[in-house]
Amino acid sequence: MLSEKSRPVIEATLPLVGSRIGEITADFYKRLFAAHPELLDGLFSRSNQRSGEQQQALAGSIAAFATHLINNPGTLPEAVLSRIAHKHASLGIREEQYGVVYEHLFAAIAADLADVISPEIAEAWTEVYWLMADALIKIEKGLYAAQANNRMWMPWRVAATTPAGTDALTFILEPADETPVTPAFAGQYISVKVQLPDGLHQVRQYSLSADAGTSRTFTTKLNDGGEVSTALHNGVEAGDILQISNPYGEITLKEGDGPLVLASAGIGCTPIASILRSLADTATGRQILVLHAENSMESWALRDQMTADVERIDDAELQLWLEAPQPGTKEGFMSLREVDLPADASLYLCGPLPFMKKIRDEAIDAGIPATRIHYEVFGPDVWLAN
Ligand SMILES: Cc1cc2nc3c(=O)[nH]c(=O)nc-3n(C[C@H](O)[C@H](O)[C@H](O)COP(=O)(O)OP(=O)(O)OC[C@H]3O[C@@H](n4cnc5c(N)ncnc54)[C@H](O)[C@@H]3O)c2cc1C
Ligand code: HEM
């Protein structure tokens, strides 16, 4: 909990720090990578640094955390922390690295706010940082302890690659050594580390797209100019070894027997397809409404799998939106206003941010509480502050 001494200081300086946090985090990353260039080799995404998305996600999370401490003293923003901790754990972030981040973040804060910063302000923001860091460290320790092994990277052999719609490929993996395999929940992701032609290692996350448990199957869309998807699509074939992490991610099916709406767009169908597969495998009695939006039938990466799994579930229905519609499909962008939503439904969402924002807003308008809306973001969550 934030101390009574720091609370008014944070309240008074939050607007100023909030207005400068974008510049502060950009300077922080410059300082961090100048002192530790090794962090760009196999840890931070070079592309997210170039695009500024990681700076935005870090800034958003700090502002959201400080705002939460002011508005809800005594509680922590569990959802924000959990999402970051799962991402961190999928990258193997260690407790001692929090001191390194603190050093460079506070050097950036001190430089940016040099005219106004006092020891009192620095102390209050240091308290906020460590409240957040300690909460993350605690969740990350729990996540590491729950794994079947204590390794960060494990070799898995590509058993097969199969085309999955326009510009997408499914990679089916099998263990390449004796490391115990952590069972994955449907909806979770793994990190995949590849070496690029210039020698640098880069890591990206890929959702499991079919069976979870001890299987590892993921489906990637080729991202034009993207570093890792290009390396996977052009440089990896059956028999090759990939370095992958244990499974992480908190967008997993919550227990219950209420109706489910599973909504996705484009390659965002991957975690949804894995959740759908688990429902089909367990012969669920739940009412399932699967909503998917695509450019065209051909570009739908997991079309055969998802349609077959919908068929296997007694009370499941599929509705499809295509930009160029065909008989039996809807036209244009998905809208929940065109759908008869089951009462008391929970919603699982994955797709581009504008898609998720629209569907989430429509779901809230339709009476689905925010606590029953779960979404996965395929990149740094620049939404965290919302
Ligand atoms: C939890 C999680 C699960 C994921 N699951 C999957 C999955 O199942 N399948 C899958 O294919 N991908 C998935 N991703 C995305 C994946 O991790 C990579 O981000 C993606 O493959 C692109 O990586 P890359 O190295 O090819 O591109 P990068 O070299 O990272 O380049 C991508 C660049 O393009 C920019 N960019 C990305 N999208 C757009 C856009 N629409 N418009 C403009 N610029 C854009 C980004 O800012 C970034 O700088 C997931 C991501 C996360 C975080
Ligand atoms: C209190 C301290 C920290 C905060 C608030 C924080 C916050 C965040 C946030 C918000 C994200 C984006 C999550 C998402 O994908 O949505 C992230 C990702 C990440 N964090 Fe942290 N973090 C902290 C400490 C650290 C530390 C100590 C390290 C280790 C050096 C680290 C390394 C990373 C990396 C590598 C990513 C993924 C970046 C990418 O792929 O571009 N973080 N963090």
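Two strands count as paired here if DSSP finds at least two bridges between them. That rule is worth keeping in mind for the hairpin in the first close-up, and please remember throughout that this is a predicted model.

**View 1. The hairpin of β1 and β2.** Strand β1, residues 154-163, pairs with strand β2, residues 168-175, in the antiparallel sense, and seven bridges link the two. Four residues separate the strands of this hairpin, and in the turn Gly165 has a positive phi of about 80 degrees. Further along the ladder you can find Thr161 standing opposite Phe171 of β2.

**View 2. β2 with its partner β5.** Strand β5 covers residues 216-221, and its antiparallel pairing with β2 runs over six bridges. Which residue of β5 is the bridge partner of Phe171? It is Phe218. For Ile172, the bridge partner in β5 is Thr217. As a reading aid for any such strand, side chains in a regular strand alternate between the two faces of the sheet.

**View 3. The antiparallel sheet and helix α7.** Zooming out from the hairpin, six strands make an open sheet with antiparallel pairing, in the order β4-β3-β6-β1-β2-β5. β4 (201-207) and β5 are at the edges with a single partner strand each, so one side of each has no neighbour in the sheet. Ignoring direction, neighbouring strands here are turned against each other by 40 degrees on average. Helix α7, residues 227-235, packs on this sheet and touches β2, β3 (189-195), β4, β5 and β6 (241-244). The direction of α7 makes about 80 degrees with that of β4.

**View 4. The parallel sheet with helices α8 and α9.** Another open sheet is built from six strands in the order β10-β9-β8-β7-β11-β12, and here the pairing is parallel. Its edge strands, β10 (330-331) and β12 (373-376), each pair on one side only. Within this sheet, β7 (residues 260-265) runs parallel to β11 (residues 346-350), and five bridges join them. Ser264 has Cys350 of β11 as its bridge partner. Helix α8, residues 269-281, lies across β7, β8 (288-294) and β11, and runs at about 150 degrees to β7. Helix α9, residues 303-312, also packs on the sheet, where it touches β7, β8 and β9 (316-322). The direction of α9 makes about 150 degrees with that of β9.

**View 5. Helix α4 crossing helix α6, with His88 at the iron atom.** What describes a pair of packed helices? The angle between their axes and the distance between the axes do. For α4 (residues 78-91) and α6 (residues 119-145), the axes come within 9 Å and cross at roughly 55 degrees. The two helices are therefore oblique to each other, and the crossing of α4 and α6 is right-handed. On the α4 side, the contact is made by Leu81, Ser82, Ile84, Ala85, His86, His88 and Ala89; on the α6 side, by Met132, Ala135, Leu136, Ile139, Glu140, Leu143 and Tyr144. By class, these residues are 10 nonpolar, three polar and one charged. Take a second look at His88, which lies in helix α4. Through NE2, at 2.1 Å, His88 is the only protein donor of the iron atom of ligand 2.

**View 6. Helix α3 against helix α6.** The axes of α3 (residues 53-71) and α6 come within 11 Å and cross at roughly 100 degrees. That makes α3 roughly perpendicular to α6. α3 contributes Ser61, Ile62, Phe65, Ala66 and Leu69 to the contact, while α6 contributes Trp125, Val128, Leu131 and Met132. Eight of these contact residues are nonpolar, one is polar and none is charged.

**View 7. Helix α1 alongside helix α3.** α1, residues 6-35, packs with α3 at an angle of about 170 degrees, with the axes 8 Å apart. Are α1 and α3 roughly parallel or roughly antiparallel to each other? They are roughly antiparallel, because an angle over 145 degrees counts as such. The α1 residues in the contact are Arg7, Ile10, Glu11, Leu14, Ile21, Gly22, Thr25, Ala26, Phe28 and Tyr29. From α3 come Gln54, Gln55, Leu58, Ala59, Ile62, Ala66, Thr67, Leu69 and Ile70. This contact has 12 nonpolar, five polar and two charged residues.

Notes
Residues are numbered from 1 along each chain as its sequence is written. Chains are lettered from A and ligands numbered from 1 in the order in which they are written. This is a predicted model: local features need pLDDT of at least 70, side-chain atom pairs count only at pLDDT 80 or more; totals for chains, interfaces and linings use all residues. Side-chain values use heavy atoms; hydrogens and water are left out. Axes are lines fitted to C-alpha atoms, for helices over the stretch in contact, and angles run from 0 to 180 degrees between N-to-C directions. Angles under 35 degrees count as roughly parallel, over 145 as roughly antiparallel, 65 to 115 as roughly perpendicular and the rest as oblique. A crossing is left-handed if the near helix is turned anticlockwise from the far one by less than a right angle, and right-handed if clockwise. Contact means heavy atoms within 4.5 Å. Ala, Val, Leu, Ile, Met, Phe, Trp, Tyr, Cys and Pro count as nonpolar, Asp, Glu, Lys and Arg as charged, and the others, Gly among them, as polar. Donors are N, O and S atoms within 2.8 Å of the metal (3.2 Å for Na, K and Ca); water is not among the atoms, so sites may look incomplete.
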